[in-house]
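Colleague: I'd like to learn how to read the empty spaces and the ring pairs in a protein model. Can you walk me through them?

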Amino acid sequence: MAQIIQDISVEVSKPNFFAAIVAKQYDSNSRFLKVTLTDSGVKISVPNTAEVTINANRPDGQSKSFIGVANDDGTFTVPLTQWMLEIAGMLKCDVSVINTTDKKRLTSTDFEVVVQEAANRDTDVSVNPDGEFRVIIPTQIIDENSSDDEYPSAKAVYY
C-alpha cells in the first residue's frame with residue numbers, strides 16, 4: 001500500500017504560512033507528515049530520543065494527540081490518523097517535542113490540514129467484476145404443486 005509522506009517545515013516562534021496540506025476524508029494508515037521544526041527559519045534538530053506528537057483539533061471541536069517517530073536526521077514523522085481525517089473541513093494542528101530526560105516540551109505554532117470530503121461516504125463497495133449495475137431481488141422458490149395454505153405469504157412472481 002502506498003504511503004504519502006509530505007515534508008513540511010513548522011515554526012515555533014511565528015505563524016506558519018505554507019502551501020495547503022490536503023488529505024482525503026476516511027483515509028487511514030497512509031498519510032504522514034515529515035516535520036522539520038524551525039525557529040524563525042533556523043532548523044531545530046530534534047534528537048532521535050525525543051518524544052514527538054501531533055496534536056489535532058477537528059471541526060467538531062474534539063481534540064486528540066498522536067505519537068510520532070523522531071528520525072535520525074533531526075526531523076520527525078507524525079501520522080494523519082483515521083480519527084483526524086474522519087470529518088471533512090479544517091483540521092487545526094500543532095506538533096510537540098518532549099525531552100525524555102527533563103520532560104521539557106516545545107510546541108509549534110498552529111497549522112491546518114484541509115480534509116477534503118470523500119466522494120462516497122458509504123463504506124460498502126460494489127465488487128461486481130464486470131462493472132455492471134445489478135439489482136438482486138431476493139425470491140422464495142415455491143413448489144408449483146403446493147397449496148396457498150402451505151405458503152400463505154408467498155405471491156406468484158412472473159419474470
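Modeller: Sure, starting with the empty space: the largest cavity has a volume of about 40 Å³. This is a predicted model, where local features need pLDDT of at least 70, side-chain atom pairs count only at pLDDT 80 or more, and totals for chains, interfaces and linings use all residues. Residues are numbered from 1 along each chain as its sequence is written, and side-chain values use heavy atoms, with hydrogens and water left out.

Colleague: What counts as a cavity?

Modeller: Rolling a probe the size of a water molecule over the atoms shows where empty space is left. On a 1 Å grid over the protein atoms alone, a cavity is a set of points where a 1.4 Å probe fits but cannot get out; lining residues have an atom within 4 Å of a point. The volume is the space filled by probe spheres set on the points, which are joined across faces, edges and corners.

Colleague: Which residues line the largest cavity?

Modeller: They are Ile4, Gln6, Ile21, Val22, Arg31, Phe32, Leu33 and Leu80.

Colleague: And how do I read ring pairs?

Modeller: You describe a pair of aromatic rings by the distance of the centres and the angle of the planes. Rings of Phe, Tyr and Trp (its six-membered ring) pair if their centres lie within 6.5 Å; planes under 30 degrees apart are stacked, over 60 edge-to-face, and the rest tilted. That rule gives two aromatic pairs here. Phe18 and Phe111 have ring centres 6.2 Å apart and planes at 50°, so this pair is tilted.

Colleague: Is Phe111 buried or exposed?

Modeller: Phe111 is buried, at 3% relative accessible area, while Phe18 is partly exposed at 32%. Buried means under 20%, exposed over 50%, and partly exposed in between (1.4 Å probe, protein chains only). Phe66 and Trp83 also make a tilted pair, 5.9 Å centre to centre with 45° between the planes.

Methods
On a 1 Å grid over the protein atoms alone, a cavity is a set of points where a 1.4 Å probe fits but cannot get out, and a pocket is an open set with protein on both sides within 12 Å along at least five of seven lines; lining residues have an atom within 4 Å of a point.
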